[in-house]
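Subject: Structure handover

Hi,

Here is the structure I said I would pass on. Have a look at it first, and then read my notes below.

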Amino acid sequence: MDYTASQSNSTALVDMEAIGRAAKTVARQLAVLPAAVKNQALLAIADELEAQAALIIAQNAIDLDSGRAKGLSAALLDRLMLDHKRIAALAADTRQVAE
């Protein structure tokens with residue numbers, strides 16, 4: 001994906017318009033792929049979610065700290081919080097979509 005980002009105090013500033021344009025381009029490419037290829041990609045995503053769980057949780061902790069500093073509510077922070085159980089559920093749901 002080709003988008004611009006800059007780091008500032010461990011907070012990434014991302015060009016959301018560039019990400020949107022890239023997503024639209026990729027969506028067109030994905031639309032014509034056979035279901036088997038899409039399902040294989042979903043299964044790989046699920047596997048990678050589990051394999052990278054520790055990194056995801058560590059990065060999520062940084063995001064949660066930033067959210068706390070910005071005054072996000074406890075309820076919103078709870079919805080944003082990722083742990084091993086939630087990542088396992090995301091992986092399971094991703095696998096279910098592939099089936």
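In what order do the elements of the chain run from the N terminus on? The order is β-β-α-α-α-α-α, and the count comes to 5 helices and 2 strands. Bear in mind that this is a predicted model.

On confidence, the chain averages a pLDDT of 89, and 87% of the residues score at least 70. Among the elements, helix α5 (residues 84-98) has the highest mean pLDDT, at 98, while strand β1, residues 5-8, has the lowest, at 45. Over residues 1-11 the pLDDT is below 50. That stretch still has 17 contacts in the model beyond near neighbours in sequence. Where pLDDT is low, though, the predicted coordinates should not be read in detail, so I'd leave those contacts alone.

Some whole-chain numbers next. The chain has 99 residues, and buried ones make up 12% of them. If you take the contacts between residues at least 6 apart in sequence, 50% join residues at least 24 apart.

Now for the helix pair I spent time on. The axes of α2 (residues 35-51) and α5 come within 8 Å and cross at roughly 170°. An angle over 145 degrees counts as roughly antiparallel, so that is how α2 runs relative to α5. On the α2 side, the contact is made by N39, L42, L43, I45, A46, D47, L49 and E50. On the α5 side, the residues are I87, L90, A91, T94, R95, V97 and A98. By class, this contact has 10 nonpolar, 2 polar and 3 charged residues.

One of those residues, T94, deserves a closer look. T94 sits in α5. Is T94 buried or exposed? Its relative accessibility is 15%, and since the cut-off for buried is under 20%, T94 counts as buried. Setting aside residues up to four places away in sequence, T94 touches L42, I45, A46 and L49. Those four also appear in the list of α2 residues that make the contact with α5. The side chain of T94 also reaches the backbone oxygen of L90, at 2.8 Å.

The other spot to check is in helix α3, residues 53-69. Two residues there caught my eye, L64 and N60. L64 is buried, with a relative accessible area of 7%. Which residues does L64 touch, not counting those up to four places away in sequence? They are L77, L80 and M81. With L77, the C-alpha to C-alpha distance is 6.4 Å, and the two are 13 residues apart in sequence.

N60 counts as buried too, at 9% relative accessibility. Leaving aside neighbours within four places in sequence, N60 is in contact with L80, M81 and L82. So that you can find the overlap quickly: L80 and M81 are in the contact list of L64 and also in that of N60, by the contact cut-off of 4.5 Å between heavy atoms.

That's what I have so far.

Cheers

Conventions. Residues numbered from 1 in each chain as written. Predicted model: local features only at pLDDT ≥ 70, side-chain atom pairs only at ≥ 80, totals over all residues. Heavy atoms only, no water. Buried < 20%, exposed > 50% of the residue type's maximum accessible area, 1.4 Å probe, protein only. Polar contact = N/O pair within 3.5 Å; in protein donor to acceptor, adjacent residues only side chain to side chain. pLDDT = per-residue confidence, 0-100. Axes fitted to C-alpha atoms, helices over the stretch in contact; angles between N-to-C directions. Parallel < 35°, antiparallel > 145°, perpendicular 65-115°, else oblique. Nonpolar A, V, L, I, M, F, W, Y, C, P; charged D, E, K, R; others polar.
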